[in-house]
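Welcome! Here is a short briefing to help you find your way around a structure that is new to you. Take a look at the sequence and the model first, and then read on.

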Amino acid sequence: MGVKIILYGYTMNEGNTYRYVHEGFYSASLYLGHEVYWINDSHKLDDSFFNDSFILTEGWANHRLPVAKNSTYIIHHFGNRWDMGRYLDNRQYIANGNRVFDMRFLCPRMEDHNYEWKTDFKKIQKMTCCTFLESAQGYTIVYQPWATNLLPEEIVYKEIPKEKVIYYIGTVGAGGHEIIPDWKLNTQIRIDAFKRACDESGIQFQLLNGVPTSACRAIIEKSYIAPDIRNIHKKESGYISCRVFKNISYGQLGITDVKEAYDLFEHAVAYHDEPYDLFYEAMKHKDNIEMIKHAMDLVKNNHTYVHRLKTLLAL
């Protein structure tokens, strides 16, 4: 019999990009044969509906999520900077026989308006190749990255003709944070450096956002190459994005400026710390089919939302 899973917040008609995470978990829930509901604060359900459930939510989207009984709460952006007063104190769910998990990025360090932490993954419990557990007061911290939206059997290498255009799907931030200085958040500066190398090589660069999940694969498959470029804050945190998992699963060479991503993929991706040089490093490996297939196998066997959900259900 399947588990009753509730995805709370950021439904598909909401603008927040976190909806793509819930979309991944929704697809994985159906794939694994579980009973799944995807709702938000507009619900008119009785509090008892949430009892005896497995609930995944995000700490800015759960204002009307009740404190249920005998349920498991997996809360991204659970937070530990309670003095900031920006959102709910998610410790309220540690009651009524509930199990509560703070789901964090797989980052060895983080400082923003939600969190401040430093951890050594060699010193805490390892659950999978990319999932680590750490005890806290009344709850458990889970460090785990995002994943590709594809199901495992959909990850198959195909020879796709490439255009002389690099399609970059995503939102590019520029700053405006009360804790992190703007220069650390400005991704556009780093993308501009990458584009400069593209221009030198006669390769067009197109930034796309608001692309539906159903269209992403076809766009990335035909892209000349498919980089993932992070701002300084994300790089310093060791953040591994969903984009790098997706690009690899679509059959592209993984291209990253984050050392932790390079290590996670056993160096089977192109890496350089500086975006301008990253372009030329990627050009060295863009036709290395063995390298591409190895990274695809790593994603297929470890980094889909099916894997992520199975891991969380095993907690």
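**A first tour of the model**

Ile255 has Ala270, in strand 15, as its bridge partner. Please keep in mind that this is a predicted model. From that pair we can move out to the rest of its sheet, then visit strand 5, and finish with two helices.

**The sheet of strands 13, 14 and 15**

- Strand 14 (residues 255-256) and strand 15 run parallel and are joined by two bridges.
- Together with strand 13 they make an open sheet of three strands in the order 13-14-15, with parallel pairing.
- Strand 13 (227-228) and strand 15 (270-271) are at the edges, and each has a single partner strand, so one side of each has no neighbour in the sheet.

**Strand 5 and its partners**

- Is strand 5 (residues 99-104) mostly covered or mostly uncovered? Five of its six residues are buried, so to speak of it as mostly covered is fair.
- Strand 4 (residues 72-76) pairs with strand 5 in the parallel sense, over five bridges.
- Within strand 5, Arg99 is the residue that Thr72 stands opposite.
- Strand 10 (residues 140-143) also pairs with strand 5 in the parallel sense, here over four bridges.
- Met103 has Val142 of strand 10 as its bridge partner.
- As general background, strands of a sheet pair through backbone hydrogen bonds, in either a parallel or an antiparallel way.

**A closer look at Asp102**

- Asp102 is a residue of strand 5.
- With a relative accessible area of 0%, Asp102 counts as buried, because buried means under 20%.
- The side chains of Asp102 and Arg104 are joined by a polar contact of 2.8 Å.
- Which residues does Asp102 contact, leaving aside its neighbours within four places in sequence? They are Ile75, Phe78, Gly79, Tyr115, Tyr139, Thr140, Ile141 and Val142.

**Where helix 3 meets helix 8**

- The axes of helix 3 (residues 187-200) and helix 8 (residues 275-285) come within 7 Å of one another and cross at roughly 45 degrees.
- Helix 3 is therefore oblique to helix 8.
- The crossing of helix 3 past helix 8 is right-handed.
- On the helix 3 side, the residues that meet helix 8 are Arg190, Ala193, Phe194, Arg196, Ala197, Cys198 and Glu200.
- Their counterparts in helix 8 are Pro275, Tyr276, Leu278, Phe279 and Tyr280.

Conventions: Residues are numbered from 1 along each chain as its sequence is written. This is a predicted model: local features need pLDDT of at least 70, side-chain atom pairs count only at pLDDT 80 or more; totals for chains, interfaces and linings use all residues. Side-chain values use heavy atoms; hydrogens and water are left out. Buried means under 20% relative accessible area, exposed over 50%, partly exposed in between (1.4 Å probe, protein chains only). Two strands pair if DSSP finds at least two bridges between them. A polar contact is a pair of N or O atoms within 3.5 Å; within protein, one must be able to donate a hydrogen and the other to accept it, and residues adjacent in sequence count only if both atoms are side-chain atoms. Contact means heavy atoms within 4.5 Å. Axes are lines fitted to C-alpha atoms, for helices over the stretch in contact, and angles run from 0 to 180 degrees between N-to-C directions. Angles under 35 degrees count as roughly parallel, over 145 as roughly antiparallel, 65 to 115 as roughly perpendicular and the rest as oblique. A crossing is left-handed if the near helix is turned anticlockwise from the far one by less than a right angle, and right-handed if clockwise.
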